[in-house]
Amino acid sequence: MKVLVTGGAGYIGSHTVLSLLENNYDVIVYDNLVNSSIESIDRVEKLTGKTAAFIEGDICDKKKLSQVFQNSKIDAVIHFAALKAVGESAAIPLSYYQNNVYGSVCLLEIMQQHKVHDFIFSSSATVYGEENNVPYVETMKLGTPSSPYGASKVMVERILADLALSNNNFRGVSLRYFNPIGAHESGTIGEDPKGIPNNLLPYVAQVAVGKRDKLSIFGNDYPTKDGSCERDYLHVMDLAQGHVAALDWLNRHNEFSGVEAFNLGTGNGVSVFSIVEAFEKASGKKIPFEVSPRRAGDLAAFWANASKANKELNWQANRSLAQMMTDTWRWQLNNPNGFLI
Ligand SMILES: NC(=O)c1ccc[n+]([C@@H]2O[C@H](COP(=O)([O-])OP(=O)(O)OC[C@H]3O[C@@H](n4cnc5c(N)ncnc54)[C@H](O)[C@@H]3O)[C@@H](O)[C@H]2O)c1
């Protein structure tokens, strides 16, 4: 079975390509490398001893996309390609809507033209917005996220629902990721943010190797156990395997058409202070930090009800918090400059 993976050179994409190759899928990666390096795919190939085709291209380039579908018989698409920095999305919203929403529309249009109907979308817990109570469950209504990034994910989920209503052949899966962290256990692929990391773990890891002075913890007066924000962190390899589970689910359910959403998380909220403590334990390094004011738009705490994915996809986030920390540390230590060699 041949799978087109947009954004496959990125953080979650590269780990998923590895899992797909390990499970004997043929893979074509389509990525414009705006936030990644082709080195990630080279390393995945070395790790698996298998090859993935790579095409450098933009999802907004319909001509190029169309050629890809023309040249290969693609059975399913996993769509990671997107811009993902919440703060940046407020500064340049039009770029986010162009890339994440228009780009998805282009991809879906070309898929329709070539009669490819199986589609797995990288959605996010952010689609639950501020209105829903935790733990988040898939039966809740889509919320109103505070950032253009979050709004772009809600928009694409709505587009998928409308497409499914208009086309009985369409088979969509929205995977709502909670907070992926960690790296492949080999320490050869991992998250390689360009510039100042937006996410907690890469920042903590860069403080540990001395690239940054100290961590800012945004708010210690939230109504949580220790006052810091709580998130549902899951290991990126568990998340990668969630995509293989979703493809297997589509393959098992020939009769299915429509769109189905699944939460991919552990079901536990972990605080920022707990992350710092766990990372210090795994690395043996002290993480200097300061408490800064709350950031606009940050929710106090959210975590998944992941029982639908557990039951229907036969998927579970099995790796422990300690392993997430050890694997992040191994990746950071072995690759202080990320994929730059
Ligand atoms: N990392 C998270 O915490 C998280 C959480 C929830 C959802 N997601 C979603 O998961 C997906 C993957 O996230 P990631 O963390 O791996 O990010 P990433 O930036 O590492 O990967 C995204 C990839 O898409 C590529 N890309 C971006 N725009 C493109 C375009 N127009 N055409 C072709 N390629 C393009 C980038 O070069 C990159 O390789 C994204 O859709 C993101 O919104 C991520």
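**Exercise 1. Find the residues that make up the aromatic cluster around Y136.**

Start with the membership: one aromatic cluster is formed by Y128, Y136, F178 and F302. Before going on, note that this is a predicted model, where local features need pLDDT of at least 70, side-chain atom pairs count only at pLDDT 80 or more, and totals for chains, interfaces and linings use all residues. Residues are numbered from 1 along each chain as its sequence is written, and side-chain values use heavy atoms, with hydrogens and water left out.

Next, the pairing rule: rings of Phe, Tyr and Trp (its six-membered ring) pair if their centres lie within 6.5 Å; planes under 30 degrees apart count as stacked, over 60 as edge-to-face and the rest as tilted. Searching the whole structure on that basis turns up 10 aromatic pairs. Take Y136 and F178: their ring centres are 6.3 Å apart and the planes make an angle of 45 degrees, so this pair is tilted.

Now place the two rings. Y136 belongs to the loop between β5 and α6 (148-166), and F178 to the loop between β6 (171-177) and β7 (179-181), so the pair ties together parts that are 42 residues apart in sequence. Helices (H or I, at least four residues) and strands (E, at least two) are DSSP runs, numbered from the N terminus.

Last, check burial. Y136 and F178 are both buried (buried means under 20% relative accessible area, exposed over 50%, partly exposed in between, with a 1.4 Å probe and protein chains only).

**Exercise 2. Work out which residues of helix α3 are buried and what they pack against.**

Step one: in α3, which spans residues 62-71, the buried ones are L65, S66, V68 and F69. Step two: they sit on the same side of α3, because they cover an arc of only 155 degrees around the axis (the arc is that of the directions from the helix axis to the C-beta atoms). Step three: flip to the face turned away from the buried side, and you'll find the exposed residues K63, Q70 and N71.

Step four: look for the partners. The buried residues of α3 pack against β1 (2-6), β2 (26-31), β3 (53-56), β4 (76-79) and α5 (93-113), where contact means heavy atoms within 4.5 Å.

**Exercise 3. Describe the surroundings of strand β4.**

Go face by face: A76 and I78 are buried on one side, V77 and H79 on the other, so to speak a strand covered on both faces. Then the pairing (two strands pair if DSSP finds at least two bridges between them). β4 pairs with β1 in the parallel sense over four bridges, and A76 is the bridge partner of V3. β4 also runs parallel to β5 (residues 118-124), joined by four bridges; there, I78 has I120 as its bridge partner.

**Exercise 4. Identify the charged ends that sit over the rings of Y222 and F262.**

The rule first: NZ of Lys or CZ of Arg must be within 6 Å of the ring centre and within 35 degrees of the ring normal. Over Y222 you get R294, its charged end 4.0 Å from the ring centre. Over F262 you get K308, at 4.8 Å from the ring centre.

**Exercise 5. Locate L163 and list its contacts.**

L163 is in helix α6, and its relative accessibility of 12% makes it buried. Apart from neighbours within four places in sequence, L163 touches L108, Q112 and F170.
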